[in-house]
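Trainee: I should like to go through the reasoning behind the terms applied to this model.
Mentor: Then let us set each value against its criterion.

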Amino acid sequence: IGMVNRTQFQSEPSVAFSRGTTFPNWSGSKWARRALADANLGSAVDINLTGNYDPASRNLSVTVLTSFVDYLPPNKNFWISLMVVEDNVSGVGPLYDQRNGYQWASGHFYAGQGDPILNYRHKRVMRDILPDVKGDSLVIPANYNLNTAYSRSFTFVLDSAWDENEISLIGIIFNEEINKDNNGILN
């Protein structure tokens, strides 16, 4: 199950939907088709990150800079967020063991590796999203101007359990249409 930019697609009962059972032709699944089509649309928003990290204190200061390069239909609210993501996360126990739906799928990379897979190395684990899941709604006005910078700064301390060398930061702009269900991440 996954989401494509937090968008609820027509005919789907919720924002999260199944990737399907098209192995080994994953690219033929509706989840992959929607993700690839969405990625090819481009974005009305440019985003850049700037910042500083102090390894001694593990303090991180990041500014998410955004500007609109194209207009969007009216009646939208915009939120700006910063995702903290870590690669190569592993451990022991139910919080880390990976269920394996491909255990018996002959030819699959994970076939025969057990269910669950112990000591699995997880990629792109979202460790935090700042300021919260939806974001800060006070940065971008509903009547934004094209090519005008809007920014939000975040200062936080990386958790000591996280590997600073495996951390990535992702700035996102989430839009919500007023009185509609066509929400999503713009970039």
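**Criteria and conclusions**

Mentor: We begin with Pro 94, which is exposed, with a relative accessible area of 80%. The model is a predicted one.

Trainee: Why is Pro 94 called exposed?

Mentor: The term requires a relative accessible area over 50%. Pro 94 has 80%, so the term applies. Pro 94 belongs to the loop between strand 3 and strand 4. Its C-alpha is 9.4 Å from that of Leu 118, and the two are 24 residues apart in sequence.

Trainee: What makes strand 3 and strand 4 a pair?

Mentor: At least two bridges are needed for pairing. Strand 3 (residues 76-86) and strand 4 are joined by five bridges, so they pair, and they run antiparallel. Leu 82, for instance, has Leu 130 in strand 4 as its bridge partner.

Trainee: What is the strand order of the open sheet?

Mentor: The order is 4-3-6-7, four strands with antiparallel pairing. Strand 4 (125-130) and strand 7 (184-185) each have a single partner strand, so they stand at the edges and one side of each lacks a neighbour in the sheet.

Trainee: Why is the pair of Phe 78 and Tyr 144 called edge-to-face?

Mentor: Ring centres must lie within 6.5 Å for a pair, and planes over 60 degrees apart count as edge-to-face. Here the centres are 5.6 Å apart and the planes stand at 80°, so both conditions are met. Phe 78 lies in strand 3 and Tyr 144 in the loop between strand 4 and strand 5 (150-157), so the pair ties together parts 66 residues apart in sequence.

Trainee: How do you know whether Phe 78 is buried or exposed?

Mentor: Buried means under 20% relative accessible area. Phe 78 has 2%, so Phe 78 is buried. Tyr 144 has 9% and is therefore buried.

Trainee: Why is the pair of Trp 79 and Phe 174 called tilted?

Mentor: Stacked requires planes under 30 degrees apart and edge-to-face over 60, with the rest counted as tilted. The planes of Trp 79 and Phe 174 stand at 45°, with the centres 5.9 Å apart, so the pair is tilted. Trp 79 is in strand 3 and Phe 174 in strand 6 (residues 167-177), 95 residues apart. Trp 79 counts as buried at 9% relative accessibility, and Phe 174 is buried at 8%.

Trainee: What lies over the face of Trp 79?

Mentor: Lys 134 does, at 4.5 Å from the ring centre, where the distance limit is 6 Å.

Definitions and conventions. Residues are numbered from 1 along each chain as its sequence is written. This is a predicted model: local features need pLDDT of at least 70, side-chain atom pairs count only at pLDDT 80 or more; totals for chains, interfaces and linings use all residues. Side-chain values use heavy atoms; hydrogens and water are left out. Helices (H or I, at least four residues) and strands (E, at least two) are DSSP runs, numbered from the N terminus. Rings of Phe, Tyr and Trp (its six-membered ring) pair if their centres lie within 6.5 Å; planes under 30 degrees apart count as stacked, over 60 as edge-to-face and the rest as tilted. Buried means under 20% relative accessible area, exposed over 50%, partly exposed in between (1.4 Å probe, protein chains only). A charge sits over a ring if NZ of Lys or CZ of Arg is within 6 Å of the ring centre and within 35 degrees of the ring normal.
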